[in-house]
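Work through the exercises below with the sequence and the model open. Each task is followed by a stepwise solution.

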Amino acid sequence: MKRVGKPWFFVVALLIFALAYTSFFGVYEQNGDLQDTIIRGAKDIRWGTDIQGGVNVIFGPEANIDATDNQIDSAKSILEIRLVSSGVTDYELYADKDNDRLLVSFPWKDNDSQNVAGTIKSLSQSAELLFIGGQPSGIVIEYNEDGTKKVTDSNGEPVDIVIEGKDVEKAESGVIGDKNEIGVNLKLTSKAAEGETQTGTEKFAAGTEKYLNQQISIWMDDQCISAPTVNSIISEGSAQITGNFDAASAKDLADKINAGALPFKLVTIDYSSVDPTLGSDALTAMLIAGIIAFSLICVFMIFYYRLPGFVACICLLGQVAGTIAAVSGYFAAFDSFTLTLPGIAGIILSVGMGVDANIITAERIREELRKGKTLDGAIKAGSSNSFSAIFDSNITNIIVSVILMGVFGPPDTVWSTLLYPFLWMFGPSTTGAIYSFGYTLLVGVVLNFIMGVAASRIMISSLSGFKFLRRRVIYGDYSEKKKQELAAVRANASKEASQN
C-alpha cells in the first residue's frame, strides 16, 4: 500500500464528520411557519410499532362479494408486498378466512398519526390496471358478484381490454420520453398468463394495431389516469403511463402494479390506534446506552491501539452515520425504512463487526512492527494481511443478509430475483421483522468495507506521513520503548561501573 498524501486524512475525516452531522441532525429550511426538509435526519426515522405505536385495521371485501379462501390468501400476500415495498417492515397481518377478514397492524406513516386515512386508502386500493380501447368517456366498469369485471360503453356494449395488470411483468418509475415527463415504464410479459393464449406483448401489439391513430385509455381502480393516442404499433413488449405524476406518486403506482391487483375491492370495516410496547422512554434509554457504549469503545481503542484506535473511532462514527442515513431516507434514491428492535439489532451487530475489523488491522500492524519492519512497511503488510480475515467474516454476513432479504422480502426485489433459481418452488414469505434485520445488517456490513477497510487505511497511511506521528509507539509497538529503557538502564550501569 503506497503512502497517500498528508491532506487525505483531513479530506476523509471531514467527509465523515459532514455525513455524521447531516444524518443525525438533518438539514431543514424554515419558510415562515413551515419547515421544508432538505436532508432527512435521525428525527425523520420511521419507528416501528414497538417504539412509536401505530394502527390496527380490519379489511374485508365489499358486501356483495363472497371471497374464496384462495382470494383471501392472495389479498394477504399482496398487502404484505405493498407494506414492505413502501418501507413498512414492522407489521402484523392475519387472515380470518371464516369471516372474510384481513387484520393488519402497522406503524404510523412518516411519523404522522393524522395520516391514517391516507395510509389505509393506499393499502386497500385494488390497483386494478386496465388498458381499454377507445375514448374514456362513456366507459363503464362494473363487477359481478364473484369479483370479475365487466367493461362496457354507455350503450352496454362490451369494450376491448387491451392489457391488464397480469400482463405486466415489471413496472418502474422514472423519466419518460424526450419531454422528460415523470411516469411509469411497463415491461410486458413474454409468457402467457394462466388461462390465457397470448402474452402481454402479443396483446399490446394487437391492441395498438387495432386502435392505431385512436385512443387507448389507461385506468387504475376504475379511474382514467391517462388516455394517449396510439401513433404506431408497439410490439417491443413495453408500454408507458404518463400524466400528472411526481416522483413519489409515480413510484407508488409502480409499486402497486408490481405487487399486483387485489382479487376484490377492500373496504375498511374498523380501525383503532395501537400503543407502543416500549415507547419513547425506551428509545431515549437505548440512545443514552448507545452513546455510553460508543464512548467506552473509543476510549478502549485509543488507549490500547493509540493512533489506529483514534482512526477507528472516526470510521465507526461514519459507519453508524451511514446506517442512520440509509434508514431515514437521507439518500433521495432510497426510501425511508421502518426501524424496529430487530433492525436495531442488525445495526449493533454490524458495528461490532466494524470494531473487529479495525482491531484486526491494528493488531496486524503491531505484529509487523514487532518483527522489525519499518513503519511504512508494517502499515502496508498489516493492511494486506488483515484483509482476508475481514473479507471472510464480512462476506458470510452479506450472504446471510441477502438470503434473509430474498426469502422474507417482496418477490420483485433484486434479492428475490437472485435467489429465484433456488426458491422458485416456494411462494412469497414476506416477513417484515426478519427483512428489517437483514436490511440493516447488510447496510452495516457494506459500510464496514467502506469505513473500516478503505477509509481507515487511507487515514492511517496519510497520518504516517507527518514526522511527529512516525514514532512506532504511537502505533502500539511498545517493544521499541522497552529497548530504549533497557538501553538506558545498561548505560547507567556501565557508567556507574566505570566510576567505581
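**Exercise 1.** State how much surface the protein exposes and what supplies it.

Solution. The exposed surface of the protein is about 25600 Å², and carbon and sulfur atoms supply 57% of it. Accessible areas come from the Shrake-Rupley method with a 1.4 Å probe. The model is predicted: local features need pLDDT of at least 70, side-chain atom pairs count only at pLDDT 80 or more, and totals for chains, interfaces and linings use all residues. Residues are numbered from 1 along each chain as its sequence is written, and side-chain values use heavy atoms, leaving out hydrogens and water.

**Exercise 2.** What share of the residues counts as buried?

Solution. Of 500 residues, 44% are buried, that is, under 20% relative accessible area (1.4 Å probe, protein chains only).

**Exercise 3.** Find the strand order of the open sheet with four strands, and its edges.

Solution.
- Step 1: the order is β10-β7-β13-β14, with antiparallel pairing. Strands are DSSP E runs of at least two residues, helices H or I runs of at least four, numbered from the N terminus; two strands pair if DSSP finds at least two bridges between them.
- Step 2: β10 (161–164) and β14 (223–226) each have a single partner strand, so one side of each lacks a neighbour in the sheet.
- Step 3: from one strand to the next, the twist averages 35°.

**Exercise 4.** Which strands does helix α4 touch?

Solution.
- Step 1: β7 (residues 129–133) is joined to β10 by three bridges, and L130 lies opposite E164 in β10.
- Step 2: α4 (residues 200–210) packs on the sheet and touches β7, β10 and β13 (216–220); contact means heavy atoms within 4.5 Å.
- Step 3: the direction of α4 makes about 150° with that of β10. Axes are lines fitted to C-alpha atoms, for helices over the stretch in contact, with angles from 0 to 180 degrees between N-to-C directions.

Technical notes: Buried means under 20% relative accessible area, exposed over 50%, partly exposed in between (1.4 Å probe, protein chains only).
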